[in-house]
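Hi everyone, thanks for coming. Let me put the structure up on the screen, and then we can walk through it together.

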Protein chains: 2
Amino acid sequence: MADVKLPPHGASKHGINPLFLRDQELRQAMELLFFAYRDFTAEPDAILAQHGFGRAHHRALHFIGRHPGITVSELLGILRITKQSLNRVLGQLIEKGYVEQRQGTRDRRQRLLALTAAGHTLEERVSADQRARIAKAYREAGAEAVEGFRKVLLGIIAGAPDRARFERPGPPRR
Amino acid sequence: MADVKLPPHGASKHGINPLFLRDQELRQAMELLFFAYRDFTAEPDAILAQHGFGRAHHRALHFIGRHPGITVSELLGILRITKQSLNRVLGQLIEKGYVEQRQGTRDRRQRLLALTAAGHTLEERVSADQRARIAKAYREAGAEAVEGFRKVLLGIIAGAPDRARFERPGPPRR
DNA sequence: ATTTTACGTCAGCCATGTTGACTTATATGC
DNA sequence: GCATATAAGTCAACATGGCTGACGTAAAAT
């Protein structure tokens, strides 16, 4: 690593440095992720704003919808935010009747979270554009590309525990 | 669309609804994007915080680095934020000596932006983890998967103008 | 000469993250 | 049974990075 010296922008006078190409390729991927995420969230954000909500509310709705009965601390582990931040969002969703809590049976300290019917409806409305966008991208790219897309994103995701989410078909039961 | 009625969570008593599988697949993609983005930004955010900067600063550094001589309004078009928001970030980067402005020659109202040497160094430091993460994911997934990854992300990105960024090899000259 | 464009700036608002301190109820381990 | 640990909630204060709206200046375009 220390013996490779790149010129300021990687291109030497006598041709193109292969490490420069590599860097370009990696930065292109960074941009693809940025643009995709930017466009992926634009529409949902606009719809959420009409309800006085934000992106954080959507994330909660989504994961509660996919894992009915999820506990607060499990949700915290997924979102990687503080409980104070989550509580604000969760409180608003409960107050407006999109999320319900019930006490855990095995452990009565837990609050098991679930979407109400209204919560399901809202989540569907908010995510409609995202699902359509992915459906379109998948359709255009083909099954093989979809496999590659999954593989690479999985490689970007950090730890084993999170990756495990994508190994089994259904949500974890409680 | 109106004639297809899904049971609450898509699974009927007599087998699995193919539309449910489809929905699961799309939601899985949503989650992959979320987790990848979450983990992709965690390390850079930590480094930036040590410098008193945030994610917004990194985005500016990145795009200025890739498009030396970019104008303020071009950068605004890429980031899709307001000029007031960009100005705050840009002002801090200039003040601390990571970004330089010079007056446009063709149009003297323009401020052409470029990284200083310190700016380049900082950007490299901040993006090192991201590049390593992508390099690892690319290596593990293989060339074919990388092609698929690009194809699908490109399909998710909204408009023709933005996609054009990924069609040519080099940054646009000015 | 007028209008439009590129950029900058001031002021204030909101969403969403943070830290730190503290409380309550319940489980768990000795 | 008591001590400790855990799940969740709460209050307060703060930072970042978006936003709107209003206004200013210089230069280009018509």
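I'll start with some ground rules, then go to the two DNA strands, and end with a pair of helices.

This is a predicted model, where local features need pLDDT of at least 70, side-chain atom pairs count only at pLDDT 80 or more, and totals for chains, interfaces and linings use all residues. Residues are numbered from 1 along each chain as its sequence is written, chains are lettered from A and ligands numbered from 1 in the order in which they are written, and side-chain values use heavy atoms, with hydrogens and water left out.

Let's go to DNA strand C. Around it sit 24 residues, and the closest are A:Arg59, A:Ser85, A:Arg88, B:Lys83 and B:Arg109; a residue is near a strand if one of its heavy atoms lies within 4 Å of it. Of the strand C atoms that come within 4 Å of the protein, sugar and phosphate make up 55%.

What touches the phosphate oxygens of strand C? The side chain of A:Arg59 has an N or O atom 2.5 Å from one, and a backbone N or O atom of A:Arg55 lies 2.9 Å from one. Both are polar contacts, meaning a pair of N or O atoms within 3.5 Å; within protein, one must be able to donate a hydrogen and the other to accept it, and residues adjacent in sequence count only if both atoms are side-chain atoms.The largest share of this surface, four residues, comes from α2(A). Helices here are DSSP runs (H or I, at least four residues; strands are E, at least two), numbered from the N terminus.

Now over to DNA strand D. Of the 24 residues around it, A:Ser73, A:Lys83, A:Arg109, B:Arg59 and B:Arg88 come nearest. A polar backbone atom of B:Thr82 is 2.6 Å from a phosphate oxygen of strand D, and for a backbone N or O atom of B:Arg55 the distance is 3.0 Å. Here α2(B) gives the most, with four residues.

Finally, look at α2(B), residues 55-66, beside α3(B). Their axes come within 11 Å and cross at roughly 120°; axes are lines fitted to C-alpha atoms, for helices over the stretch in contact, and angles run from 0 to 180 degrees between N-to-C directions. That makes α2(B) oblique to α3(B), as angles under 35 degrees count as roughly parallel, over 145 as roughly antiparallel, 65 to 115 as roughly perpendicular and the rest as oblique. On the α2(B) side, the contact (heavy atoms within 4.5 Å) is made by B:Arg59, B:Phe63 and B:Ile64, and on the α3(B) side by B:Leu75, B:Ile78 and B:Leu79.
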